[in-house]
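These notebook entries record what I looked up about aromatic residues and their surroundings. The structure comes first, and my entries follow.

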Amino acid sequence: KLRKRQMALVSIWLLSLFFVFGVVEAQYSLAESTKFLLYSYSAYCRPEHVQDWSCYWCKDGRLNVTNLFTNATSNTWGYAGYDSDHIVIAFRGTEVLSIDNWISDLKFASTTPYKNIPNARVHEGFYFAYLNIVGQVRDAASSLRRAHPSKDIIVTGHSLGAALSTLAALDIKESLGESSTVWNYGDPRVGNDVFAEYWTQQVGGAWRTVNRADIVPHLPPQAFGFHHIPTEIWFRDSFTDYTVCNGSGEDPDCSDSLFALSIPDHLSYLGFEFVLGLPHGCY
């Protein structure tokens with residue numbers, strides 16, 4: 001009886017860790033993170049090279065691309081497809097040649113209400129960009145789910161692509177009832193604390209990777225009411241040593257502890273230098 005009680009207490013403790021911290025460290029996979037980073041980087045490449053999976057960053061196995069979605073008004077682009085294990089939806093981030101201006105704009109971001117969720121607000125520009133392709137994303141997710149009912153859905157992006165990924169994962173859950181796993185890299189804050197809480201309740205959490213002193217995850221500023229979704233994976237000094245941060249979205253012991261921030265750190269994740277793709281049409 002004593003042993004059964006001890007086992008029950010251990011189970012309760014593990015469940016409490018899950019609900020307090022969002023996810024447990026053993027669930028994070030550096031190998032999977034690397035794979036999905038390359039999927040997110042590939043969204044920067046020319047559509048025709050993504051379509052036939054011949055782009056510079058199309059290095060991990062074979063992804064069968066089934067959908068391309070784009071909107072010229074907001075310069076939004078992404079793709080969807082499947083590999084042997086996953087349905088993948090990826091979004092392009094900010095073009096590197098305009099990243100300085102984009103970062104400057106993030107410092108003074110405005111918000112808009114998120115649907116009919118009381119007091120939930122999101123970045124106006126991110127939301128506008130996603131709404132311009134929302135129908136294409138839903139159609140892609142729906143058709144891929146019908147064709148591959150047993151595959152897990154992965155939603156991924158880097159930089160602006162990560163912000164779009166955040167909105168897409170929530171929309172796919174709300175509109176289609178489908179769960180997904182989010183792998184994001186260098187993403188900015190998307191909404192306020194009410195939105196982050198609602199997002200976490202619906203989607204369940206994300207692996208939100210931050211490289212060292214990358215400036216973008218610190219924007220838009222918390223002082224303007226923005227709040228990250230969980231869970232941050234912080235690579236502080238190298239591309240192999242990382243910290244799985246707490247489930248608050250704003251762990252003061254992770255990248256929030258930094259004051260000196262870096263644009264170059266935004267363009268180098270897990271040892272992959274983004275600029276290497278520029279000569280190959282990935283920008």
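**Entry 1, the cluster.** I began with the aromatic cluster, which is formed by Tyr28, Phe36, Tyr39, Trp53, Trp77, Tyr79, Trp183, Trp207, Phe235 and Tyr242. I note that the model is a predicted one.

**Entry 2, ring pairs.** I looked up the number of aromatic pairs and found 20. For the pair of Trp77 and Tyr79, I recorded 6.3 Å centre to centre and 55° between the planes, a tilted arrangement. I then checked burial: Trp77 is buried at a relative accessible area of 7%, and Tyr79 is buried at 0%.

I turned next to Tyr185 and Tyr269, an edge-to-face pair with 6.4 Å centre to centre and 85° between the planes. Tyr185 lies in strand β7 (residues 181–185) and Tyr269 in strand β13 (residues 268–269), so this pair ties together parts that are 84 residues apart in sequence. I found Tyr185 buried, with a relative accessible area of 0%; Tyr269 is buried, also with 0%.

**Entry 3, Thr209.** Which residues are in contact with Thr209, leaving aside its neighbours within four places in sequence? I listed Tyr28, Ser33, Asn184, Tyr185, Gly186, Ile233, Phe235 and Tyr269. I placed Thr209 in strand β9, which covers residues 206–211. Thr209 has a relative accessible area of 1%, so I entered this residue as buried, the cut-off being under 20%.

**Entry 4, charges over rings.** Finally, I looked for charged groups over rings. Lys59 lies over the face of Tyr56, 4.4 Å from the ring centre. I also noted the charged end of Arg212, which sits over the ring of Phe239 at 4.9 Å from its centre.

Definitions and conventions:
Residues are numbered from 1 along each chain as its sequence is written. This is a predicted model: local features need pLDDT of at least 70, side-chain atom pairs count only at pLDDT 80 or more; totals for chains, interfaces and linings use all residues. Side-chain values use heavy atoms; hydrogens and water are left out. Helices (H or I, at least four residues) and strands (E, at least two) are DSSP runs, numbered from the N terminus. Buried means under 20% relative accessible area, exposed over 50%, partly exposed in between (1.4 Å probe, protein chains only). Contact means heavy atoms within 4.5 Å. Rings of Phe, Tyr and Trp (its six-membered ring) pair if their centres lie within 6.5 Å; planes under 30 degrees apart count as stacked, over 60 as edge-to-face and the rest as tilted. A charge sits over a ring if NZ of Lys or CZ of Arg is within 6 Å of the ring centre and within 35 degrees of the ring normal.
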